[in-house]
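Here are my comments on the model you sent, set out as numbered points. Please read them with the sequence and the structure open beside you.

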Amino acid sequence: MECKKEENMEWCNCSYPCSKKGVCCDCIKYHRERGELPGCYFDDKTEKTYDRSIENFIRLRK
Ligand code: SF4
């Protein structure tokens, strides 16, 4: 299977300068290990706070 980085970059909303941008498998692994979610789980405004915690995600959904 080919990496879909270029395709993923078309919708990735992460504004943090990061080498994992568009490489969703690495991105989710990184945040999962920290009890977090990738930036694409958050709206653009909240994403820019860089608070990727699950608590923040739940707070936004209430
Ligand atoms: S969501 Fe996290 S791991 Fe993914 S590109 Fe952004 S900063 Fe990097």
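1. What share of the residues of the protein count as buried? In this model, which is predicted, the figure is 10% of the 62 residues.

2. On the overall architecture, the protein has 4 helices and 0 strands, and from the N terminus on the order of the elements is therefore simply α-α-α-α. The radius of gyration is 12 Å, close to the 11 Å that the globule rule gives for 62 residues, so the protein is as compact as a globular protein of that length. Along the principal axes, the C-alpha atoms fill a box of roughly 35 × 25 × 20 Å. If one takes the contacts between residues at least 6 apart in sequence, 26% of them join residues at least 24 apart.

3. The surroundings of the ligand deserve a look, since they draw on several parts of the sequence listing: the residues around the ligand are Cys 14, Tyr 16, Cys 18, Lys 20, Lys 21, Cys 27, Tyr 30, His 31, Pro 38 and Gly 39. By class, this shell divides into 6 nonpolar, 2 polar and 2 charged residues.

4. Cys 40 sits in the loop between helix H2 (24-33) and helix H3 (44-47), and it counts as partly exposed because it has 14 C-beta neighbours inside 10 Å, where 12 or fewer would make it exposed and 20 or more buried. Once its neighbours within four places in sequence are left aside, Cys 40 is in contact with Cys 12, Asn 13 and Cys 14. For Asn 13, the separation from Cys 40 is 27 residues in sequence, while the C-alpha atoms of the two are 5.8 Å apart in space.

5. Tyr 50 belongs to the loop between H3 and helix H4 (54-61), and its phi is near 65 degrees, a positive value in a residue other than glycine. As background, most residues other than glycine have a negative phi. Tyr 50 counts as exposed because 12 C-beta neighbours lie inside 10 Å.

6. Leu 60 lies in helix H4, and, with 12 C-beta neighbours inside 10 Å, this leucine counts as exposed. Apart from neighbours within four places in sequence, Leu 60 is in contact with Phe 42 and Thr 46. Leu 60 and Phe 42 are 18 residues apart in sequence, and their C-alpha atoms are 8.4 Å apart in space.

How values were computed: Residues numbered from 1 in each chain as written. Predicted model: local features only at pLDDT ≥ 70, side-chain atom pairs only at ≥ 80, totals over all residues. Helix = DSSP H or I, 4+ residues; strand = E, 2+ residues; numbered from the N terminus. Rg over C-alpha atoms; globule rule 2.2 N^0.38 Å. Contact = placed C-beta atoms within 7 Å. Near = placed C-beta within 6 Å. Nonpolar A, V, L, I, M, F, W, Y, C, P; charged D, E, K, R; others polar.
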